[in-house]
Amino acid sequence: MLRSVEITAHLVKGPGHLLFWKQTIELALDCFVCERTRRTTLLEGGAERAVCTSDEQHGQHYTAAQISAFDPTETDQSTSLRTVVDFWWAPFHDAERGGRASPLSRPSWVRLKIGYFCSLNEESGEDTLQSNLVRPAETPCRHCGERVATGTGAPSVRLLS
């Protein structure tokens with residue numbers, strides 16, 4: 001069954017840096033291929049499939065998921081992201097952990113990547129924003145130490161269908 005989740009995030013920009021969202025997402029999904037729940041799934045913009053990290057016994061493998069929409073919005077002071085991930089889901093029972101699979105685990109977990117350019121040192125860098133960090137979460141520049149961005153709220157994950 002085809003399912004979709006919407007992921008939204010918002011950052012307040014810091015001074016002196018150009019900030020952008022990278023089309024790389026890590027999302028906890030239940031994988032019907034290895035029949036394991038809450039597996040970290042690696043998604044890249046433009047890719048037709050994703051990678052399930054599974055576990056040591058099963059190893060990484062491809063799974064049916066992709067980024068179907070990636071819509072950043074910017075103002076002078078902030079940047080927001082709305083992205084949609086489509087994935088195939090089928091019911092199963094996780095024999096190792098117990099429990100039944102669900103289209104979206106609660107609480108859901110996501111990690112988003114941001115890139116930035118430090119105008120002071122003319123260097124680029126990247127960082128991540130994830131749903132399980134303490135808020136507010138500041139991203140310091142690894143080149144000048146100034147604040148690149150502040151996440152005041154956690155990224156949200158919502159099942160659309």
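Begin by selecting E123, which in this predicted model is found in strand β9, the run of residues 123-130. Colouring by accessibility would show E123 as partly exposed, because its relative accessible area is 39%, a value that falls between the 20% and 50% limits used for buried and exposed residues. Next, display the residues around it: apart from neighbours within four places in sequence, E123 is in contact with Y116, F117, C118 and H143. If you then add C141, which lies 18 residues from E123 along the chain, the C-alpha atoms of the two are separated by 9.7 Å.

From E123, widen the selection to the sheet to which β9 belongs, an open arrangement of six strands in the order β5-β4-β3-β2-β8-β9 with antiparallel pairing. Strands β5 (61-63) and β9 stand at the edges, and each has a single partner strand, so one side of each is left without a neighbour in the sheet. Looking across the sheet, you can follow a twist that averages 30° from one strand to the next.

Within this sheet, select residues 17-31 and 110-118 together, since these are strands β2 and β8, which run antiparallel and are joined by nine bridges. A useful place to centre the view is F20, which stands opposite G115 in β8.

Finally, move to the surface and select L2, F32, V33 and W88, which together make a nonpolar patch of about 370 Å². One of these residues, L2, lies in strand β1, residues 2-13, and L2 counts as partly exposed because its relative accessibility is 45%.

Terms used:
Residues are numbered from 1 along each chain as its sequence is written. This is a predicted model: local features need pLDDT of at least 70, side-chain atom pairs count only at pLDDT 80 or more; totals for chains, interfaces and linings use all residues. Side-chain values use heavy atoms; hydrogens and water are left out. Helices (H or I, at least four residues) and strands (E, at least two) are DSSP runs, numbered from the N terminus. Buried means under 20% relative accessible area, exposed over 50%, partly exposed in between (1.4 Å probe, protein chains only). Contact means heavy atoms within 4.5 Å. Two strands pair if DSSP finds at least two bridges between them. Axes are lines fitted to C-alpha atoms, for helices over the stretch in contact, and angles run from 0 to 180 degrees between N-to-C directions. Patches are made of residues with over 30% relative accessible area and no salt bridge: like charges are joined within 9 Å, nonpolar side chains (Val, Leu, Ile, Met, Phe, Trp, Tyr) within 5 Å. Accessible areas come from the Shrake-Rupley method with a 1.4 Å probe; for residues, only the protein chains shown count as cover. A salt bridge is a side-chain nitrogen of Lys or Arg within 4 Å of a carboxyl oxygen of Asp or Glu.
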